[in-house]
There are 2 protein chains.
Amino acid sequence: MNGLSALWSIFGPVLALLARIMMAFSFAFLVPLAWGWALDLDYLRAIWGVAFGLTFGSGLLLLWLTRNQYRELLPRDGFLLVVLVWLVLTAYAAFPLYWLVPDISWSHAYFEAMSALTATGATALSGLGDLPVSVNVWRAFLQYIGGLGIMLLVVAVLPLLGLGGMQLYKAETPGPMKDTKFTPRIAETARGLWLIYFGFSLACLLAYRWAGMSWADAFIHMCSTMSLGGFSSQDASIGYWDSAAVELVAIVFMALAGISFLRYFLVLRTLTLGPIANDREIRSYFVVLFGSVALVTALLTAQQVETDFWTALRSSAFHVLSLATTTGYSATDYAQWPVFIGVYLLFLGCFVSCAGSTGGGIKMVRMVLLVKQARRELVRIVHPRVVNPVTLGGQRVAAATLTTVLGFMLIYGAATLGLTFMLLLTGLDIVTAFSAVVATLNNIGPGLGQVGPAHNFGWLSSFQLWLLSFAMLLGRLELLTVLVLFTRHYWRR
Amino acid sequence: MNGLSALWSIFGPVLALLARIMMAFSFAFLVPLAWGWALDLDYLRAIWGVAFGLTFGSGLLLLWLTRNQYRELLPRDGFLLVVLVWLVLTAYAAFPLYWLVPDISWSHAYFEAMSALTATGATALSGLGDLPVSVNVWRAFLQYIGGLGIMLLVVAVLPLLGLGGMQLYKAETPGPMKDTKFTPRIAETARGLWLIYFGFSLACLLAYRWAGMSWADAFIHMCSTMSLGGFSSQDASIGYWDSAAVELVAIVFMALAGISFLRYFLVLRTLTLGPIANDREIRSYFVVLFGSVALVTALLTAQQVETDFWTALRSSAFHVLSLATTTGYSATDYAQWPVFIGVYLLFLGCFVSCAGSTGGGIKMVRMVLLVKQARRELVRIVHPRVVNPVTLGGQRVAAATLTTVLGFMLIYGAATLGLTFMLLLTGLDIVTAFSAVVATLNNIGPGLGQVGPAHNFGWLSSFQLWLLSFAMLLGRLELLTVLVLFTRHYWRR
Ligand SMILES: [K+]
Ligand SMILES: [K+]
């Protein structure tokens, strides 16, 4: 078997599955088509129709090309599949943006679509309010699909690959967790999770409408809230509405969406609140959120940024929730606040979301383990001979799991540094380069400096946009899924 | 036994040893006294004499106060002793600076003394060239003493405490290393190391004199080169001489001092070059140094910062060596170069120095292990069942050692973040705050932004200076030595 046919034997069956996913994905274009039919000019319908046809047709063609490639997929094929799915769907999703948004390059369109499908929410566009409704619907709906995909990925696919934060919940010894283990089959679990997701979504949609948004805006923001994506139909983001009600709806649903949907699933199945109330990760999640809201409120009040306590509290709660859950909405240019706050909000985005939510970053469960491990190291110095295992929810965490988490952090740190250095080489200033990497690698959205909440990513060069598109993909797929494809070992079978 | 007497039973014997160290340290004041006698005005002699008397007298008084506190010191007493030694000697070292430097606050004097004794080289003073010679001699000689202390600490004390990069060299299985193990007794090892250090120092002194410096400047820069401290007698640092010969001497001796002095000791004992030529850490050290000089030279040439290739090479070699070894000399305001270079140089300072040298940062041996561990994690994903141990110099690294290194990195990252956030709260800008922490925690010296090579730390507030003094101590004592004192466990016996 020569090199090319060996490669084809790896790619063929993966592409056959990709073809089916493309065909399923093509139906997503019917959503902006429907909104465009109702609210936009005639020629737009044609574009959405063409995009649908192109994607479905491409999938069909690929299916025909790979018709002889039947083979049981191995777990390791999953890496290639997941990366290809995100890369290819992003390209098809970018086509209508490229056609419909004036003066946009292919780099911009691809960046925007990647930002959507990874639920990052960094935008390369401006003048959002002047775009056709269907374009904004498409951007937001892509985030919604991305959110569904991420949930499927984290709950069902990554554990098969031995990756992802959810892994950490695997108890080392049999215990009470065993009984409450979620339905093991992917399809059933996914169906249950998605039903909950749709239930929350409906409530969120109605709440935004109640708070005074138009149906279109309510739909758009429901999509980008539930997916923690953060795209808005206005350059000023949620600030455009300047409404306490809208902000309250966002706060509530961002907080809910930042928790693993598996927990809600378990609550429904066991009909007790235990799975949420007793969960170490969720407890830390709320402790950090409340603590941060208090801290930021105190700073805003003390430094007299806001006129009174209640305005400070509202502003603080909204932005802490938005950034910590990696949604990335803004209601004001918080980069103008005391510099500590902007950096702190970005820092929260790096770890606060729970594993199994649609949020980005390293996830709270890893952070809990890291803090416990650091504390353990200090104790070990004083008592070198004391066995002092790290526990999570009363269960001992296996040493191998800890090493994996620490290894993940290493690669996460190296990726942050490496990408920042590459951006610095292109001449960006330090704050912009570093914050752009943090904001995309953690799928947060807005950064600081020239990519802060009052700016967008549209002024960046093509190279910079491609680099950050890669960062979004890397972060969303929890780094290792992507990086493993760059090792010799993956391709030698 | 009540709380206070329990505390006294911990402190008493430690203070008794501290008293002896203070008395020994007091003789260091005779060095600036001698230089001042020769070169400065009369009244200065009195000050150095008083400082000597004060320190010796304080030591004597403390010795008398603790005369009944005899007890065998436990390894854990070492943490307290080491921290107290650095804190207390810094205070006594700061007195003459406070008296002799015009318009200086106690915070400035303490910061400067801490920067000296930790061989950091961040200065809070300006107008260095106008200071009495004996003051500049004192600043540099403190770095020299600091360097000797650090070597003793890293080679002899920290391993007793189960800490420090040298630990990593402990082979898990008996092997060829065993034969070449250095003399185990602290005193003998220290004597051997210091003899080598003095030998290099003499060569360095004569080389600087040959390159055209005055005897005083040659002595000052010998002190701050050999200790990788980086203090200069001029605000413009080595740039003041604008001499290729001076820079060459600095390059050679910084490169030599960045290697573990234990290696030279082994070379002398075995009379072969093996201990240096076969050492994984030293190989990585030179690979990174040469690669970085090439990279920076290429950038300086490509972006036409320097007029020709040879000027670029000279500038690149000097600054890469200076920052990577954490010396921190500058020959020009490299912060004005393309922004990538400044950040990259600071990054090099975080890890390039070898364990057992007088350099700061996490040390190259840890970096080698981190890179190997990250690579191993990626391989493990593809081949979950393959046992793939991390090795160092052909020896398998124990899992516990790896966990310790990863734990160290966690605490190092947390310290960097925590200190940066505290500086941001005081209102510093992001680049200044972050780079000030990196420059002090890694004992490098100059940062970027408002604490860059063309600036100094003198404009900072007292609080900021104290915080950064703490960062220097933390970094120099490899974090854990200090942080362990903040745990409950340490004080419960
Ligand atoms: K987001
Ligand atoms: K230094």
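Here are a few friendly notes on this predicted two-chain model and its potassium ions.

1. Ground rules. Residues count from 1 along each chain as its sequence is written, chains are lettered from A and ligands numbered from 1 in written order, and side-chain values rest on heavy atoms, without hydrogens and water. As this is a predicted model, local features need pLDDT of at least 70 and side-chain atom pairs count only at pLDDT 80 or more, while totals for chains, interfaces and linings use all residues.

2. Confidence. Chain A has an average pLDDT (the predictor's confidence in each residue, from 0 to 100) of 86, and 93% of the residues score at least 70. One stretch to read with care is 169–183 of chain A, where pLDDT stays under 50 and the model has 26 contacts beyond four places in sequence; contact means heavy atoms within 4.5 Å.

3. The interface. Chain A brings 41 residues into contact with 41 residues of chain B. About 3800 Å² is buried between the two chains, 84% of it from carbon and sulfur atoms; buried area is the accessible area (1.4 Å probe) that two parts lose on being put together, summed over both. A:I381, A:L410 and A:F421 supply 15% of what chain A buries against chain B, more than any other three residues.

4. Polar links across the interface. Between chain A and chain B there are 0 salt bridges, a salt bridge being a side-chain nitrogen of Lys or Arg within 4 Å of a carboxyl oxygen of Asp or Glu. The side of chain A that touches chain B has 30 nonpolar, 7 polar and 4 charged residues; the nonpolar class is Ala, Val, Leu, Ile, Met, Phe, Trp, Tyr, Cys and Pro, the charged one Asp, Glu, Lys and Arg, and the others, Gly among them, are polar.

5. Potassium in chain A. Ligand 1 is coordinated at 2.3 to 3.0 Å by the O atoms of A:A119, A:T120, A:L228, A:G229, A:T326, A:T327, A:N443 and A:I444. Donors are N, O and S atoms within 2.8 Å of the metal (3.2 Å for Na, K and Ca), and water is not among the atoms, so sites may look incomplete.

6. Potassium in chain B. For ligand 2 the protein donors are the O atoms of B:A119, B:T120, B:L228, B:G229, B:T326, B:T327, B:N443 and B:I444, 2.3 to 3.0 Å from the ion. Their spacing in sequence reads A-T-x107-L-G-x96-T-T-x115-N-I.

7. Salt bridges overall. The whole structure holds 14 salt bridges over all chains. In one of them, the side chains of A:D279 and A:R263 meet at 3.6 Å, N to O.
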